[in-house]
Amino acid sequence: MHTVLQSPGESRSTINEQLTKADKIRLLRDMYRIRRFEQTSLKYYNLGRMGGFLHLYSGQEAVAVGTISLLGENDHVITAYRDHGHALAVGMSMNECMAELFGKATGCSKGKGGSMHFFAPDKRYWGGHGIVGGQTPLGAGIAYALKYKNIPGCCLCYLGDGAINQGAFHESLNLAALFQLPVIYIIENNGYSMGTSQKRSSAYKSSLAERAEAYNMAWDVFIGEDLYEVRNRTNIAIDRARKTQQPTLLEIQTYRYYGHSVADANAKKYRTSEEIDDYKNNHDPLQIFSKALLQEEVLTQADIQEIDKAAKEEANAAVAFAEESPLPEESDILNDVYWEVDNQTEAAKHGYYFFNN
Amino acid sequence: MALLTYREALRTALDEEILRDENVVVIGEEVAQYNGAYKVTEGLWAAHGDKRLVDTPISEAGFVGMGIGASMLGLRPVIELMFWSFAYVAFDQIVNNAGCVRYMSGGLLNVPIVIRGPANGGTNVGATHSHTPENLLANMPGLKVVAPATAYDAKGLLKTSIRDNDPVMFMENTLLYGEKWEVPDTEYLIPLGQADVKRVGRDISLIAHGRAVLTCLKAAELLAAEHDIDAEVVDLRSIRPLDEETVITSVRKTHRAVVVEEGKPFCGIGAQLVSTIQEKAFDDLDAPIGRVASLDAPAIYSPPLEKRQLPDPQRVIEKVLHLS
Ligand SMILES: Cc1ncc(C[n+]2csc(CCOP(=O)(O)OP(=O)(O)O)c2C)c(N)n1
Ligand SMILES: [Mg+2]
């Protein structure tokens with residue numbers, strides 16, 4: 001059931017032909033915004049303005065921007081802890097994302113979740129999940145609810161190449177195929193899970209996505225550096241989900257430029273600098289899409305510089321917003337634990353919920 | 001005596017036990033080639049090779065269960081969890097298999113496994129990564145639970161845990177890995193179930209485990225300096241088995257107690273201690289037993305707020321003053 005309808009490289013499908021000039025510029029801008037947001041966040045992380053982990057998405061931008069650009073008002077997104085790219089791609093503001101990293105009350109999660117736990121249900125973005133593979137049953141569940149409610153949408157559920165080895169993911173694949181759920185699992189295969197290469201972590205024949213065969217599920221594997229190609233190939237799966245409510249397992253090959261997280265002490269040990277440089281110089285999704293748009297005469301080099309500059313300014317403004325924002329109050333620690341308590345309902349009046357003495 | 005970090009103490013314990021017993025094998029994510037996510041196993045793969053240090057995929061249920069199965073045939077696997085928070089995807093293996101097979105087989109089997117890794121808050125990694133499940137695990141008869149507070153204890157307890165014939169859940173703390181303590185150069189073991197009085201005092205017993213012991217020691221210094229209160233600090237070291245005698249002896253002497261933990265209060269270790277003390281030393285108490293725990297919500301990310309959520313010396317002192 002390896003259902004590739006177009007061969008790789010055939011990127012000018014109808015779905016891409018429908019893009020207006022303005023659409024294309026927006027897609028490039030979105031990738032620049034992610035890149036600059038993250039580089040700025042890294043700078044302030046290193047200045048000690050945030051705590052915990054910071055998992056950067058740089059190098060993978062065409063995957064989030066390309067796939068999410070295909071979504072409509074009934075479609076949903078859920079991902080793992082490397083979640084800033086998806087968050088910005090669904091339309092979350094740099095301000096709320098940066099403020100979350102700074103642990104401020106104005107953050108998307110009020111400073112409670114941090115880098116790994118961004119949420120925006122109003123944008124149908126269901127997190128930001130820190131436990132590897134933990135989001136994969138939720139993706140099936142979102143698709144289950146869509147189907148139950150007869151909503152013709154789908155859920156894109158992202159995971160890493162390391163996450164495919166969590167039991168919960170295998171159970172999810174079986175459930176999705178058995179119940180015919182409109183979920184699209186997207187393995188963002190950047191070749192490594194922390195310091196472990198794909199070869200050292202997974203047993204497979206030709207690809208990771210091929211595991212879908214065992215569940216009689218449609219699947220596809222492709223390179224994710226060209227945004228047009230990402231849209232083209234992902235749209236096939238989205239169409240299938242919306243029209244026939246069938247799941248798909250996609251494996252999109254990509255690369256992360258930075259270490260696993262900023263705390264990755266071995267970031268330059270398990271990969272050669274030649275390998276990293278090769279991706280940066282020859283496979284960078286921003287450069288590749290910029291080149292395509294220059295060739296199409298959608299914009300000029302000067303326009304691209306303008307987009308880049310605007311993205312940097314927006315990121316710096318987000319830092320200023322985050323710095324000026326207040327911290328949560330100490331009393332906020334005990335809010336947002338129970339819905340009934342937060343809403344002071346009848347149900348919350350019986351018994352004790354908290355045990356601070 | 002050498003000054004070793006908590007991390008180095010754990011590492012030397014692993015190193016010595018790997019050399020001592022060919023059945024000891026260290027299994028987990030990034031433990032070998034990467035040298036350990038928190039560098040506890042640094043250098044061990046280079047020294048002992050692929051057979052003794054095994055890198056795994058991110059499959060906790062699988063490799064924890066594999067370790068349990070292997071231990072039934074006499075291996076002594078030491079399973080590293082990058083965080084104890086990730087044990088939850090392997091909970092069935094730990095609770096039903098490690099915890100129950102001996103009982104269900106009428107004593108035919110035993111499970112000499114150690115599952116170790118950090119279990120702590122305070123590093124701003126959010127709710128999913130900040131769990132402290134020692135109370136959950138100690139609630140399961142069949143499992144043992146250990147939580148060292150110093151490098152000395154970490155080494156002695158880990159060596160004992162590896163030699164123990166039952167499953168031992170070994171709770172470390174990322175905030176302690178880099179802290180240094182005196183550790184003897186010669187071999188020593190610390191029995192499980194033996195608490196340690198880390199500071200002798202007359203007026204009140206502060207009872208804790210793990211990093212909360214250090215919080216209590218700081219609080220005790222301040223209580224002595226600023227309030228003329230001489231606190232005794234009892235480090236449980238092992239939670240199950242629990243050294244009730246040392247706890248009760250201390251309370252009989254001081255007549256007051258505050259139990260301190262970094263876990264959440266409901267059904268916490270402190271709750272168990274309070275129950276034990278009131279039952280066995282009720283007549284010796286001059287005041288209700290105080291409890292200090294983390295504020296009762298999932299771990300908040302915001303760094304300054306997370307500091308407030310965890311017990312600190314100030315909260316311990318306030319509780320003590322309230323009882324005195
Ligand atoms: C259950 C669980 N085990 C381990 C971890 C620690 N951890 C976080 S990310 C990660 C590597 C994941 O790699 P991959 O799935 O390839 O995603 P990538 O980081 O490359 O985006 C590991 C081991 C975790 N968060 N949850
Ligand atoms: Mg990966």
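**Exercise 1. Two strands of chain B**

Work out in which sense β9(B) and strand β11 (residues 231-235) of chain B pair, and over how many bridges.

*Solution.* Step 1: β9(B) and β11(B) run antiparallel in their pairing, which spans 3 bridges. Strands are DSSP runs of E with at least two residues, helices are runs of H or I with at least four, and both are numbered from the N terminus. Two strands pair if DSSP finds at least two bridges between them.

Step 2: look for a facing pair. Asp196(B) has Asp235(B) of β11(B) opposite.

Before you go on, a word on the model: residues are numbered from 1 along each chain as its sequence is written, while chains are lettered from A and ligands numbered from 1 in written order. The model is predicted, so to speak of local features takes pLDDT of at least 70 and side-chain atom pairs count only at pLDDT 80 or more, with totals for chains, interfaces and linings using all residues, and side-chain values use heavy atoms, leaving out hydrogens and water.

**Exercise 2. The sheet around those strands**

Give the strand order of the open sheet of 5 strands in chain B, and name its edge strands.

*Solution.* Step 1: the order is β9-β11-β10-β13-β14 (chain B), and the pairing is mixed.

Step 2: β9 (196-199) and β14 (290-292) of chain B are the edge strands, each pairing on one side only.

Step 3: on average, neighbouring strands are turned by 25° against each other, direction ignored. Axes here are lines fitted to C-alpha atoms (for helices, over the stretch in contact), and angles run from 0 to 180 degrees between N-to-C directions.

Step 4: add a helix. Helix α12 (residues 313-323) of chain B lies across β10 (204-208), β13 (257-260) and β14 of chain B, at about 170° to β14(B); contact means heavy atoms within 4.5 Å.

**Exercise 3. A parallel sheet in chain A**

Now turn to chain A: which strands stand at the edges of its open sheet, and why is one side of each without a neighbour?

*Solution.* Step 1: in chain A, 5 strands follow the order β1-β2-β3-β7-β6, with parallel pairing.

Step 2: β1 (76-78) and β6 (218-223) of chain A each have a single partner strand, so one side of each lacks a neighbour in the sheet.

Step 3: from one strand to the next, the twist averages 20°.

Step 4: inside the sheet, β3 (residues 183-189) and β7 (residues 248-253) of chain A pair over 6 bridges. Ile186(A) has Leu250(A) in β7(A) as its bridge partner.

**Exercise 4. Two packed helices**

Describe how α2 (residues 21-46) and α3 (residues 61-68) of chain A cross.

*Solution.* Step 1: the axes come within 10 Å and cross at roughly 140°.

Step 2: α2(A) is therefore oblique to α3(A). Under 35 degrees counts as roughly parallel, over 145 as roughly antiparallel, 65 to 115 as roughly perpendicular, and the rest as oblique.

Step 3: Leu27(A), Asp30(A), Met31(A), Ile34(A) and Arg35(A) in α2(A) meet Glu61(A), Ala62(A) and Val65(A) in α3(A). These contact residues divide into 5 nonpolar, no polar and 3 charged (nonpolar: Ala, Val, Leu, Ile, Met, Phe, Trp, Tyr, Cys, Pro; charged: Asp, Glu, Lys, Arg; polar: the others, Gly among them).

**Exercise 5. A link between chains**

Find the residue of chain B with which Glu330(A) forms a salt bridge.

*Solution.* Step 1: the partner is Arg308(B), with the closest N and O atoms 3.0 Å apart. A salt bridge is a side-chain nitrogen of Lys or Arg within 4 Å of a carboxyl oxygen of Asp or Glu.

Step 2: Glu330(A) lies in the loop between α12 (301-324) and α13 (339-342) of chain A and Arg308(B) in helix α11 (residues 303-309) of chain B, so the pair joins two chains.
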